[in-house]
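Reader: Got a minute to walk me through this one? I'd like to go over the helices, the strands and any odd backbone spots.

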Amino acid sequence: MNKEDDMKEVELNEMDQEKQPMTGETLTGTEKNGCVKVKVPEDTEVKFAGLSKEELMKVAGTAGWVRTRWVLLVLFWLGWIGMLAGAIVIIVQAPRCKPIPEMNWWNEGFLYQISDVNTFSENGLKGVEEKLDYLNQMKVKGLVLGPIHTVQADQLSTLELTSINPEFGSESQLISLLDRAHRKGISVVLDLTPNYEGVSVWFNNAASVAERLKEACVYWLNKGVDGIFLSHLNDIAYTEAWPSVQDIFNQTDGTKKRALMGSVTSLSVDEVSLVLNRSGVDLLLNGLPDPAEPGERQAQVIKNHYFSHLQMSLGWCLSGWTLGSPAVPVRLYQMLLFTLPGTPVFSAGDEIGLKAGNTASCSLYLPLIQTLQEEHIAVRNFFKTLTHLRGKDLFSSPTSLAFVRLWDQREPFLPAMNWGNDHVTMNLTYRDLPTQAQVRLTTDAANLAVDSMVSLEKFQLGPKQAVLLSYPYAG
């Protein structure tokens with residue numbers, strides 16, 4: 001082997017050693033070709049056992065830690081007491097919510113009075129039952145029916161308050177009517193005014209009728225009637241027997257409340273207050289002020305009624321003379337009745353503007369609405385819109401009136417009426433009112449389009465016209 005071969009062998013051996021893996025042996029031995037010798041310790045884990053209980057107690061008892069704990073405890077309780085005091089201040093200073101008065105079924109919609117069953121329907125009580133769908137479409141909440149009991153005019157001996165006059169139907173027909181009306185959500189109130197065809201409705205001696213009245217109330221309430229209605233209430237409310245009549249309606253078994261209702265006529269505001277307080281009825285029906293009186297007078301009467309009684313106990317009706325005159329704007333008074341505080345009560349035919357005394361066509365307008373005259377249809381549609389839409393005195397003049405209706409946090413309404421023969425300009429400005437309002441319903445669609453926005457400053461309304469405005473609730 002020559003010298004060059006020996007040199008190559010040496011280089012190959014050196015290269016082979018460099019390529020050899022690093023084993024534990026090579027790490028502990030001498031490394032060649034620039035390798036570093038590294039020694040790995042046998043135990044690299046560092047363990048910390050922490051402080052013992054004795055050591056912790058010794059540290060916790062030092063003055064610094066004691067002061068720190070007391071400071072944190074005091075800060076915690078001061079913060080808690082501060083939050084509690086802040087919550088109390090907020091509750092005390094927060095504006096009180098107006099209590100919502102108790103709502104009963106007769107406050108949730110309008111009542112429909114059928115005084116003469118045979119005029120309303122050719123089939124008496126059965127015919128009334130057949131027309132419940134019509135009443136339901138108008139959103140009637142309660143039906144005031146009758147009187148339908150047996151009595152001869154001015155003859156007390158013939159009075160039978162628990163017997164139905166055969167001319168109107170039978171007791172079984174009344175029970176069937178009650179059952180179907182209840183299924184449709186319509187309550188039925190029975191008018192037990194004793195001498196309804198005579199000169200004096202109480203035979204000039206209400207005390208003599210009281211015992212029969214009590215028996216009749218118990219009898220018909222047990223049959224499913226939802227309430228009793230009595231006209232000329234002031235004649236019997238002052239008798240000694242009246243408290244025992246009240247007791248019948250004060251009894252409750254947890255079911256639907258049964259109502260005691262009555263009506264008065266031609267009484268002043270103070271006299272109405274006395275009757276309402278004395279009788280304790282659930283609803284006292286009163287007629288609208290005479291439309292022939294100045295607007296200021298009507299506004300004052302309405303305002304006095306409103307502030308003298310709970311609106312939940314007061315009802316309004318269209319008196320016969322209101323719709324009896326051709327000059328009376330029927331839709332205007334319909335709007336007034338629906339927007340006044342209290343429960344509106346309409347007589348059969350009011351929804352189409354049927355004139356007083358015009359009863360011949362009354363039984364004909366219900367079965368087929370297409371047989372109505374065009375004006376009757378228009379009045380009925382206006383009435384129906386009011387039933388679906390369902391304050392303060394803002395403006396009044398000799399022939400006009402405007403006021404605000406508020407309820408809880410719902411959208412406020414602003415009705416305005418002008419029953420005069422000339423245009424009126426109303427300045428409907430008040431601190432709670434916006435500058436504009438939306439037209440929701442109007443009798444003057446040519447000048448006040450529905451859903452349009454109108455300015456409340458110098459608002460103009462035509463003769464014999466009415467409008468129902470609304471605006472968003474502002475809190």
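Author: Sure. One cut-off before we start: buried means under 20% relative accessible area, and exposed means over 50%. Also, this is a predicted model.

Reader: Fine. Which residues of helix H12 are buried?

Author: H12 covers residues 269–279, and its buried residues are Val 269, Val 272, Ser 273, Val 275, Leu 276 and Ser 279. Looking down the axis of H12, those buried residues fall within an arc of 165°, so they line one face of the helix.

Reader: And which exposed residues sit on the face of H12 turned away from that buried side?

Author: Asp 270, Leu 274 and Asn 277 are the exposed ones there.

Reader: What does the backbone do just after H12?

Author: Gly 280 comes just after H12 and takes a positive phi of about 65°.

Reader: OK, where else is phi positive, in residues that aren't glycine?

Author: Phe 203 has a positive phi of about 55°, and Asn 204 has one near 60°. Most residues other than glycine have a negative phi. Phe 203 lies in the loop between strand S5 and helix H9 (206–222), and Asn 204 lies in that S5 to H9 loop too.

Reader: Buried or exposed, those two?

Author: One of each. Phe 203 has 13% relative accessibility, so it counts as buried. Asn 204 is at 72%, so it counts as exposed.

Reader: Which peptide bond is cis, going into Pro 147?

Author: The bond from Gly 146 to Pro 147, with omega near 15°. Pro 147 is in the loop between S2 and strand S3 (149–152).

Reader: Let's do S2 then. Why call it largely enclosed?

Author: S2 spans residues 140–145, and five of its six residues are buried, so the rest of the structure largely encloses it.

Reader: What does S2 pair with?

Author: Strand S1 (residues 110–114) pairs with S2 in the parallel sense over five bridges. S2 also runs parallel to strand S5 (residues 187–191), joined by four bridges.

Reader: Give me some register. What stands opposite Val 144?

Author: Gln 113 stands opposite Val 144, and in S5 Val 144 has Val 189 opposite. Leu 143 has Val 188 of S5 as its bridge partner.

Reader: How many residues of S5 are buried?

Author: Five of the five, so S5 is largely enclosed by the rest of the structure. Both faces are covered: Ser 187, Val 189 and Asp 191 are buried on one side, and Val 188 and Leu 190 on the other.

Reader: And which way does S5 pair with S6, parallel or antiparallel?

Author: Parallel, over three bridges, with S6 made of residues 227–230. Val 189 stands opposite Gly 227 of S6.

Reader: Switching topic: how many aromatic pairs are there, counting ring centres within 6.5 Å?

Author: Six pairs by that rule. In one of them, the rings of Trp 77 and Trp 80 have their centres 6.0 Å apart and their planes at 75°, so that pair is edge-to-face. Both tryptophans lie in helix H4 (residues 63–93), three residues apart, which is about one turn of the helix.

Reader: How accessible are those two?

Author: Trp 77 is partly exposed, with a relative accessible area of 44%. Trp 80 is at 42% and also counts as partly exposed. Another edge-to-face pair is Tyr 112 with Phe 120, at 6.1 Å centre to centre and 65° between the planes. Tyr 112 and Phe 120 are both buried.

Reader: Which residues cluster with Trp 77 and Trp 80?

Author: Phe 76 joins them in one aromatic cluster.

Reader: What does UniProt put at residues 70–92?

Author: The feature "transmembrane region", from an unreviewed entry. In the model that span is 100% helix and 0% strand, and its end C-alpha atoms lie 33 Å apart.

Reader: Last one: where does Ser 470 lie?

Author: In strand S18 (residues 465–470). Ser 470 is at 2% relative accessibility, so it counts as buried. Its side chain makes a polar contact of 3.3 Å with the side chain of Arg 440. Leaving out residues up to four places away in sequence, Ser 470 touches several others, including Glu 411, Pro 412, Phe 413 and Ala 437.

Terms used: Residues numbered from 1 in each chain as written. Predicted model: local features only at pLDDT ≥ 70, side-chain atom pairs only at ≥ 80, totals over all residues. Heavy atoms only, no water. UniProt positions renumbered as here; feature names shortened; annotations may be inferred. Helix = DSSP H or I, 4+ residues; strand = E, 2+ residues; numbered from the N terminus. Buried < 20%, exposed > 50% of the residue type's maximum accessible area, 1.4 Å probe, protein only. Polar contact = N/O pair within 3.5 Å; in protein donor to acceptor, adjacent residues only side chain to side chain. Contact = heavy atoms within 4.5 Å. Arc of directions from axis to C-beta. Pairing = 2+ DSSP bridges. Phe/Tyr/Trp six-rings, centres within 6.5 Å; stacked < 30°, edge-to-face > 60°.
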